[in-house]
Amino acid sequence: MFDEKVIQMLVEGIKDTLYMTLVSSVIGYVIGLPLVVLLNVTNEKGLKPNKIIYRVLDIICNIIRSIPFLILLILLIPFTRMIVGKSYGSTATIVPLVICAAPYIARVVEASLNEVDAGVIEAAKSMGAGIFQIIFKVLLVEARTSLLTGFTITTGLLLGYSAMSGTVGGGGLGDIAVRYGYYRWQEDIMIVTVVLLIVIFQIIQNIGTKIAVSLDHRKR
């Protein structure tokens with residue numbers, strides 16, 4: 001069964017899966033990080049409390065996070081088609097992955113920023129630091145280990161979601177698993193795709209964990 005054609009298909013599936021997962025993780029953080037900074041700054045104990053802004057962002061995050069990814073993927077088909085010109089394939093799948101990831105990242109990072117010692121923030125204020133200085137030189141720096149850990153967790157989550165997108169032609173290993181493992185009952189290919197997904201997940205988790213530990217000043 002595993003001739004050159006099948007092997008090439010699996011290699012392409014790995015490439016597409018990594019492409020979807022890593023690109024959506026990076027873009028999700030680019031969107032999610034400013035979102036969480038606003039959430040942190042505008043909450044009742046933040047640097048500049050604003051109930052309206054915080055409440056609006058909080059509701060948006062909760063609504064998106066409450067929708068199962070497969071349903072969100074289908075709901076966003078018209079929007080995805082408008083952005084990339086089609087609703088199937090690895091590039092198209094990045095759109096719902098990013099929209100799903102951004103609020104999740106916001107919650108993960110929010111927890112990381114809330115772990116920063118309030119005494120450090122107060123010390124920065126007493127030295128005359130402004131809001132942006134506190135955000136970029138205190139909050140984000142102090143929470144860098146948790147931020148990286150959150151990035152690793154989010155990437156693992158999106159890896160699973162990218163595989164799930166295979167049910168609607170999303171591409172990658174998930175698409176191969178559905179087409180060959182479900183529709184054609186070729187269990188050998190199904191098992192291989194599952195093993196490959198597990199291996200990729202473990203590699204991402206191990207790399208992320210090692211980098212996070214190396215950046216953790218508390219372990220030095």
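This note goes through the salt bridges, the largest pocket and the largest cavity of a predicted model.

1. Salt bridges in general. Side chains of opposite charge can pair when their charged atoms come close. In this predicted model the count comes to four salt bridges, and the next three points take up some of them in turn.

2. A pair within helix 1. Lysine 15 and glutamate 12 meet through their side chains in a salt bridge, with 3.9 Å from N to O. These two residues are separated by about one helical turn, because they stand three residues apart in helix 1. Glutamate 12 has a relative accessibility of 33% and therefore counts as partly exposed, since buried means under 20% and exposed over 50%.

3. A pair that links distant parts of the chain. The side chains of aspartate 58 and arginine 107 form a salt bridge at 2.2 Å, N to O. Aspartate 58 belongs to helix 2 (residues 51-66) and arginine 107 to helix 5, so that the pair joins distant parts of the chain, 49 residues apart. Both partners have low enough values to fall under the 20% limit for buried residues: aspartate 58 has a relative accessible area of 10%, and arginine 107 has one of 16%. The two also belong to a network of salt bridges that links Arg55, Asp58 and Arg107.

4. A pair within helix 9. Aspartate 175 and arginine 179 meet in a salt bridge of 2.9 Å, N to O, and both lie in helix 9 (residues 172-183), four residues apart, about one turn of the helix. Aspartate 175 is buried at 14% relative accessibility, whereas arginine 179, with a relative accessible area of 30%, is partly exposed.

5. The largest pocket and asparagine 40. The largest pocket holds about 310 Å³ of space and is lined by 14 residues, with Asn40, Lys45, Gly46, Ala118 and Ile121 nearest its centre. Helix 6 gives the most to this lining, with four residues, and by class the lining has six nonpolar, four polar and four charged residues. Asparagine 40 itself lies in helix 1 (residues 4-42) and is buried, with a relative accessible area of 8%. Leaving out residues up to four places away in sequence, asparagine 40 touches Gly46, Leu47, Leu113, Asn114 and Leu139.

6. The largest cavity. The structure holds one cavity of 30 Å³ or more, and about 50 Å³ of space lies in the largest cavity. Its lining is made by Leu73, Ile77, Thr80, Ser87, Ala92, Thr93 and Pro96, and helix 5 gives the most to this lining, with three residues. Of the lining residues, four are nonpolar, three are polar and none is charged.

Key
Residues numbered from 1 in each chain as written. Predicted model: local features only at pLDDT ≥ 70, side-chain atom pairs only at ≥ 80, totals over all residues. Heavy atoms only, no water. Buried < 20%, exposed > 50% of the residue type's maximum accessible area, 1.4 Å probe, protein only. Contact = heavy atoms within 4.5 Å. 1 Å grid on protein atoms, 1.4 Å probe; cavity = no way out; pocket = protein on both sides within 12 Å on 5 of 7 lines; lining within 4 Å. Points joined across faces, edges and corners; volume = space filled by probe spheres on them. Nonpolar A, V, L, I, M, F, W, Y, C, P; charged D, E, K, R; others polar.
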